[in-house]
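Below is a set of questions and answers for a first-year student. The sequence and structure come first.

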Amino acid sequence: ITPDMLHELEYLIASRVYRMTLPAIPKVAVVAPYQEKEVEPELKALLSQLGGEVPEGYREDNYELLPMALQYAGYEVARIKLDEKEGIPEGAKTLAVVEPLNLNERQRYEINRFLVGGGSVFMAIQNYEYNYMPTAASEIEIEAKDKQPNVNTLLSNWGFEVEQRILVDQQHDVVQLGGAARLGPYEIAVPVKIPVQILVPRSGMNPNVSITSRLSTLFYLWGTALKIDEQKIKAQGLEVTQLLNSSRESWTVPFQPGFLTPNHLKPQPDTKYGPFPLSVLTKGQFADAYKDKPAPPWPKAETAEAETKAVETAAPAPVTPAPGKLILTGAASFLQKHLLRNGGHLNFFLNSIDALTLGDELVSIRSKQPVDRAITRVSTAAKLTWRLFVTVFVPLLIAAVGFFRVFVRTQSKKNYVKMYAMA
């Protein structure tokens with residue numbers, strides 16, 4: 001035990017004791033993208049000359065900290081690709097799907113089957129990302145890219161969709177773009193502030209739910225809103241609780257691939273303003289999107305050699321419906337390793353997995369940790385009001401006090417002269 005662990009000591013003790021009462025260690029399956037890359041030949045040659053070991057390749061993984069955090073919290077973790085070889089492991093209680101890319105029909109079937117059968121699913125969807133490119137004219141060009149998660153065909157069966165329009169919010173933050181400008185021989189960072197770099201303060205979090213009751217500010221970078229079909233949800237008898245929402249000064253604009261312009265992000269006369277739901281917790285018996293349908297086949301391998309080695313998989317056993325849980329979030333970028341330790345990002349993820357896997361009791365203990373009590377963002381209207389107060393009202397007040405004082409002194413002088421003449 002070290003001093004920097006005192007704020008989480010209660011949770012560490014209680015969570016260990018609680019897990020000792022369970023018949024087995026809870027298992028969580030994590031689906032998150034990564035790339036296997038080869039070491040460049042120049043680097044291989046350099047390492048060989050230096051006498052070091054030359055690896056054949058390396059993994060580029062923006063979400064490598066998520067399994068580590070879950071293992072530290074006491075879970076058994078399986079990192080899977082959700083394909084024919086690496087499916088959802090037997091006995092998994094929770095499935096975390098983070099930034100899915102181009103999900104195929106069979107992957108959507110497996111997620112549906114797990115949730116309908118009483119499993120718990122955490123889904124963080126990233127519709128778009130933006131590339132910041134410095135130009136020779138010391139400007140920044142911003143290119144929008146569609147990530148194509150292909151999840152709405154599945155989510156729509158339960159009454160949810162991840163909005164296809166870009167979410168814009170006046171409550172946003174600055175991103176420092178390193179090396180975007182030069183000062184002589186030195187590279188300097190340039191602050192970039194655009195309204196898709198969304199900030200969710202505590203006012204945008206549900207204080208009545210243990211997952212978000214005492215979270216620090218979330219940097220909802222490039223995230224999108226969620227669309228909720230109340231009729232479908234009511235027909236299934238699902239219980240939906242909103243966890244995060246955007247500010248009242250938020251709106252959506254159509255997505256256009258290519259470079260963004262300031263005019264593209266401006267609201268139109270018929271624009272609908274927020275707040276919009278950003279994350280929801282749903283409980284209940286989810287409708288089977290593949291009811292009375294055969295299981296879709298896994299995609300065939302691209303090479304002819306792999307096709308000859310392919311083995312027909314047995315049809316999955318019929319699923320027995322049971323109530324499940326789903327946490328759906330319209331952003332995944334804040335869970336990447338370079339942002340995970342900032343704000344309340346890690347606690348939001350761990351709280352979500354705890355609530356889905358174990359229940360709310362342990363989450364309420366972790367919520368007692370210190371939170372960031374930074375001053376909230378001031379709205380544009382409030383800034384204008386205070387600016388007018390300082391630049392106009394205060395000088396007018398000082399002038400009015402001066403005129404009143406001159407008037408009082410003048411009257412006093414007149415009264416004194418009048419009394420002196422009468423004497």
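Me: How many aromatic pairs does the structure hold?
Reply: Rings of Phe, Tyr and Trp (its six-membered ring) pair if their centres lie within 6.5 Å; planes under 30 degrees apart count as stacked, over 60 as edge-to-face and the rest as tilted. The model is predicted: local features need pLDDT of at least 70, side-chain atom pairs count only at pLDDT 80 or more, and totals for chains, interfaces and linings use all residues. Residues are numbered from 1 along each chain as its sequence is written, and side-chain values use heavy atoms, with hydrogens and water left out. The number of aromatic pairs is 12.

Me: Which kind of aromatic pair do W251 and Y273 form?
Reply: The ring centres of W251 and Y273 are 5.8 Å apart. Their planes make an angle of 65°. The pair is therefore edge-to-face.

Me: How many residues apart in sequence are the parts that W251 and Y273 tie together?
Reply: Helices (H or I, at least four residues) and strands (E, at least two) are DSSP runs, numbered from the N terminus. W251 lies in strand β17 (residues 250–253), while Y273 lies in the loop between β18 (258–259) and β19 (277–284). The pair therefore ties together parts whose separation in sequence is 22 residues.

Me: Is W251 buried or exposed?
Reply: Buried means under 20% relative accessible area, exposed over 50%, and partly exposed in between (1.4 Å probe, protein chains only). Its partner Y273, at 40%, is partly exposed. W251 has a relative accessibility of 5%, so it counts as buried.

Me: Which residues of β17 are buried on the side opposite W251 and V253?
Reply: Both faces of β17 are covered. W251 and V253 are buried on one side. Buried on the other are S250 and T252.

Me: Which residue of β10 stands opposite T252 in β17?
Reply: Two strands pair if DSSP finds at least two bridges between them. Strand β10 (residues 166–169) pairs with β17 in the antiparallel sense over 4 bridges. The residue opposite T252 is L167.

Me: What is the order of the open sheet of 3 strands?
Reply: Its pairing is antiparallel. The edge strands, β7 (128–134) and β18, each pair on one side only. β8 and β18 pair over 2 bridges, and A144 stands opposite G258 in β18. The order is β7-β8-β18.

Me: Which peptide bond is cis, with omega near 10°?
Reply: Most residues other than glycine have a negative phi, and most peptide bonds are trans. P275, in the loop between β18 and β19, is one end of this cis bond. The bond runs from G274 to P275.

Me: What is the phi of D292, which is not a glycine?
Reply: D292 is found in the loop between β19 and α7 (304–309). At 76% relative accessibility, D292 counts as exposed. Its phi is positive, about 60°.

Me: How many of the 12 residues of α4 are buried?
Reply: The expected span of a helix is 1.5 Å times one less than its number of residues. For helix α4 (residues 105–116) this gives 16 Å, and its end C-alpha atoms are 16 Å apart, which agrees. The buried residues include Y109, I111 and F114. The helix is largely enclosed by the rest of the structure, because the number buried is 10.

Me: What is the distance within which a side-chain oxygen of N104 reaches the backbone nitrogen of R106?
Reply: This approach is at the start of α4. A polar contact is a pair of N or O atoms within 3.5 Å; within protein, one must be able to donate a hydrogen and the other to accept it, and residues adjacent in sequence count only if both atoms are side-chain atoms. The oxygen of N104 comes to within 3.1 Å.

Me: Which residues does E163 touch, not counting residues up to four places away in sequence?
Reply: E163 sits in the loop between β9 (160–162) and β10, and its relative accessible area of 14% makes it buried. Its C-alpha atom is separated by 9.7 Å from that of G223, 60 residues apart along the chain. Contact means heavy atoms within 4.5 Å. By that rule E163 touches N127, T224, A225, L226 and K227.
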